[in-house]
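Reader: I'm new to this one, so could you take me through it slowly?

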Amino acid sequence: MYSANKGNGVTYVYYMCVKRKTKTKDAVRQELAAQQAEASRSLERATARKTRINDERQKLLQAHYAGAIPQDLLGSEMQRLTRELAQAETEIKTAKVAAAGDEHTT
């Protein structure tokens, strides 16, 4: 493959093997596939975390209604779970964006 590139007022001529360029494209595709797979795994983990947190919130509320959890502990635990839920939702959004970005580049 022939390439003539201009830089600093000079034209540079390059010759390269087409097979090398194909291997480079394959490597890029493999890397993108690996990133997409990692984004999918991150999405699965964050979604499972969100489900677990929502389950904990429901159990905490049920325990409070049953009189097993005092008001002050309920408040602090609900705040903690709300923070964790927000983090999980952020992780889900980030993973979805990463997966979508990888899909557009392949």
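Author: What follows covers confidence, then salt bridges. This is a predicted model, in which local features need pLDDT of at least 70 and side-chain atom pairs count only at pLDDT 80 or more, while totals for chains, interfaces and linings use all residues. Residues are numbered from 1 along each chain as its sequence is written, and side-chain values use heavy atoms, with hydrogens and water left out.

Reader: Which element has the lowest mean pLDDT, and which the highest?

Author: Strand β1 (residues 2-7) has the lowest mean, 77, and helix α1 (residues 18-65) the highest, 89; pLDDT is the predictor's confidence in each residue, from 0 to 100. Helices (H or I, at least four residues) and strands (E, at least two) are DSSP runs, numbered from the N terminus.

Reader: OK, new topic: how many salt bridges does the structure hold?

Author: The structure holds 10, each being a side-chain nitrogen of Lys or Arg within 4 Å of a carboxyl oxygen of Asp or Glu. One of them pairs E84 with R52, with the closest N and O atoms 3.9 Å apart. E84 lies in helix α2 and R52 in helix α1, so this pair ties together parts that are 32 residues apart in sequence.

Reader: And is E84 buried or exposed?

Author: E84 is buried, because its relative accessible area is 17%, where buried means under 20%, exposed over 50% and partly exposed in between (1.4 Å probe, protein chains only).

Reader: What else does E84 meet in a salt bridge?

Author: The side chain of E84 also meets that of R80, at 2.7 Å from N to O, and both residues lie in helix α2, four residues apart, about one turn of the helix. Salt bridges that share partners join R52, E56, E77, R80 and E84 into one network.
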